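Here are my notes on the model, as numbered points. Could you read them with the structure open?

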Amino acid sequence: MDLYNKGNYVVKVDGVDISPNPVVRGQPATFTISASTGQAISGGKAVIDVSYFGIHIHKETHELCEETSCPIAVGNFVLSHNEVLPGFTPPGSYTLKMILSSKEIAQLTCISFNFKIGLGASGSSVSDS
């Protein structure tokens, strides 16, 4: 999996694990993000945007403390997001973009990664944007 760190963010993403990979329609999928922070974070928001072949199809916002344990101490932490994609979700290439923010900092990090849905599809790539 490729990981690109292009931004100078408080939160640095080390990797993303997708299970199962490829994602199976109508079944739970877990996106586990390994990251680290240079400062304590008491809470905030996780905004998730999903695109299908470059076309925006879904957006949702979660409390950061629903995706990981808060407060987040300086050092390594794991953020985990679970999603069940509807059975009618078409197979193909998707991009998930996640922006983490807090009351104090508008953008803790911004990451995007690709994932696939469908028979015989596998693999993902990650980049900070």
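1. Start with the largest cavity, which is lined by V11, V13, I33, A35, F77, L79, M98, L100, T109 and I111. Keep in mind throughout that this is a predicted model. The volume of this cavity comes out at about 50 Å³, and a search of the whole structure turns up 1 cavity of 30 Å³ or more.

2. Which elements supply at least two residues each to the lining of the largest cavity? They are strand 1, strand 2, strand 5, strand 6 and strand 7, the last of these spanning 109-117. As for chemistry, the lining of this cavity splits into 9 nonpolar residues and 1 polar, with no charged residue.

3. Now the sheet. Three of those elements turn up again here: an open sheet of 3 strands runs in the order 1-2-5, and the pairing is antiparallel. Strand 1 (11-19) and strand 5 each have a single partner strand and sit at the edges, so each has one side without a neighbour in the sheet. From one strand to the next, the twist averages 20°. In general, the strands of a sheet pair through backbone hydrogen bonds, in either a parallel or an antiparallel way.

4. If you want to check the register, begin with strand 1 and strand 2, which are antiparallel and joined by 8 bridges. G15 has S34 in strand 2 as its bridge partner. Strand 2 (residues 28-37) also pairs with strand 5, again in the antiparallel sense, over 10 bridges. Two handy markers for that second pairing are T30, which stands opposite N82 in strand 5, and S36, which has N76 of strand 5 opposite.

5. On to the largest pocket, which holds about 260 Å³ of space. Its lining has 18 residues, and those closest to the pocket centre are V50, I57, H58, L85 and P86. Strand 3 (45-52), strand 4 (55-63), strand 5 (75-84) and strand 6 (92-101) are the elements that give two or more residues to this lining. So far as I can tell, the split by type is worth a look too: 13 nonpolar, 3 polar and 2 charged.

6. Put the two linings side by side. Strand 5 and strand 6 appear in the list for the largest cavity, and strand 5 and strand 6 appear in the list for the largest pocket as well. For charge, the pocket lining has 2 charged residues, while the cavity lining has none.

7. Last, the cysteines. How many disulfides does the structure hold? There is 1, and it joins C65 to C70, with an S to S distance of 2.1 Å. In general terms, such a link is a covalent bond between the sulfur atoms of two cysteines. The link of C65 and C70 is left-handed, with -100° about the S-S bond.

8. Are these cysteines buried or exposed? C65 has a relative accessible area of 39%, so it counts as partly exposed, and C70 is partly exposed too, at 29%. C110 is buried, because its relative accessible area is 2% and the cut-off for buried is under 20%.

How values were computed
Residues are numbered from 1 along each chain as its sequence is written. This is a predicted model: local features need pLDDT of at least 70, side-chain atom pairs count only at pLDDT 80 or more; totals for chains, interfaces and linings use all residues. Side-chain values use heavy atoms; hydrogens and water are left out. On a 1 Å grid over the protein atoms alone, a cavity is a set of points where a 1.4 Å probe fits but cannot get out, and a pocket is an open set with protein on both sides within 12 Å along at least five of seven lines; lining residues have an atom within 4 Å of a point. Grid points are joined across faces, edges and corners, and a volume is the space filled by probe spheres set on the points. Helices (H or I, at least four residues) and strands (E, at least two) are DSSP runs, numbered from the N terminus. Ala, Val, Leu, Ile, Met, Phe, Trp, Tyr, Cys and Pro count as nonpolar, Asp, Glu, Lys and Arg as charged, and the others, Gly among them, as polar. Two strands pair if DSSP finds at least two bridges between them. Axes are lines fitted to C-alpha atoms, for helices over the stretch in contact, and angles run from 0 to 180 degrees between N-to-C directions. A disulfide is a pair of cysteine sulfur atoms within 2.5 Å. Buried means under 20% relative accessible area, exposed over 50%, partly exposed in between (1.4 Å probe, protein chains only).
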